[in-house]
Amino acid sequence: MQVGVHIIVQGMVQGVGFRYFVWREATKLSLSGYVRNLYNGDVEIEAQGDRSLVEEFVKVVKVGPRYAYVKDLKIEWKEFQERYKGFEVR
């Protein structure tokens, strides 16, 4: 089953390679969507794909790369909509 997820990541997640970490993990799992920095210091992620792979992706994002500190995730599950071709860093 295909699903989508919208995630806001809070913590020390800018300036530590977080977006490229997310891109690499999403690409490994064949997910589509995007990741981008927000002006308030958070990171926004929109991802979609097979439910089990998206759930695995969320678990990896909770940990983040070595120098990041993920304080909190705000997760909103969505219906799958074929809106993206691949995963991109914005």
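Axes here are lines fitted to C-alpha atoms, for helices over the stretch in contact, and angles run from 0 to 180 degrees between N-to-C directions. The model is predicted: local features need pLDDT of at least 70, side-chain atom pairs count only at pLDDT 80 or more, and totals for chains, interfaces and linings use all residues. Residues are numbered from 1 along each chain as its sequence is written, and side-chain values use heavy atoms, with hydrogens and water left out.

**Exercise 1. The helix pair**

Task: Determine how H1 and H2 pack, and which residues meet.

Solution.
Step 1. Helices (H or I, at least four residues) and strands (E, at least two) are DSSP runs, numbered from the N terminus.
Step 2. The axes of H1 and H2 lie 10 Å apart, at an angle of about 155 degrees.
Step 3. Angles under 35 degrees count as roughly parallel, over 145 as roughly antiparallel, 65 to 115 as roughly perpendicular and the rest as oblique. H1 and H2 are therefore roughly antiparallel to each other.
Step 4. The crossing of H1 past H2 is right-handed (near helix turned clockwise from the far one by less than a right angle; left-handed if anticlockwise).
Step 5. From H1, Phe18, Phe21, Val22, Glu25 and Ala26 meet Phe57, Val60 and Val61 of H2.

**Exercise 2. Glutamate 25**

Task: Decide whether glutamate 25 is buried or exposed, and list its contacts beyond four places in sequence.

Solution.
Step 1. Glutamate 25 belongs to helix H1, residues 18-28.
Step 2. Buried means under 20% relative accessible area, exposed over 50%, partly exposed in between (1.4 Å probe, protein chains only). Glutamate 25 is buried because its relative accessible area is 13%.
Step 3. Contact means heavy atoms within 4.5 Å. With neighbours within four places in sequence left aside, glutamate 25 contacts Phe57 and Val60.

**Exercise 3. Aromatic pairs**

Task: State how many aromatic pairs the structure holds, and classify two of them.

Solution.
Step 1. Rings of Phe, Tyr and Trp (its six-membered ring) pair if their centres lie within 6.5 Å; planes under 30 degrees apart count as stacked, over 60 as edge-to-face and the rest as tilted. The structure holds three such pairs.
Step 2. Phenylalanine 18 and phenylalanine 21 have ring centres 6.3 Å apart and planes at 45 degrees, so this pair is tilted. These two residues are separated by about one helical turn, because they stand three residues apart in helix H1. Both phenylalanine 18 and phenylalanine 21 are buried.
Step 3. Phenylalanine 57 and phenylalanine 87 pair edge-to-face, at 6.3 Å centre to centre and 65 degrees between the planes. This pair links distant parts of the chain, 30 residues apart: phenylalanine 57 is in helix H2 (residues 51-63) and phenylalanine 87 in strand E5 (residues 87-89).
Step 4. Phenylalanine 57 is buried at 0% relative accessibility, and phenylalanine 87 at 10%.

**Exercise 4. Alanine 47**

Task: Place alanine 47 in its element and describe its surroundings.

Solution.
Step 1. Alanine 47 sits in strand E3, residues 43-50.
Step 2. Its relative accessibility is 1%, so alanine 47 counts as buried.
Step 3. Apart from neighbours within four places in sequence, alanine 47 contacts Val3, Gly4, Val5, Leu31, Ser32, Gly33, Phe57 and Phe87.
Step 4. The C-alpha atoms of alanine 47 and phenylalanine 57 are 9.0 Å apart, with their positions ten residues apart along the chain.

**Exercise 5. Serine 30**

Task: Explain what is noteworthy about the phi of serine 30.

Solution.
Step 1. Most residues other than glycine have a negative phi.
Step 2. Serine 30 is not a glycine, yet has a positive phi of about 60 degrees.
Step 3. Serine 30 lies in the loop between H1 and strand E2 (32-37), and is exposed, with a relative accessible area of 64%.
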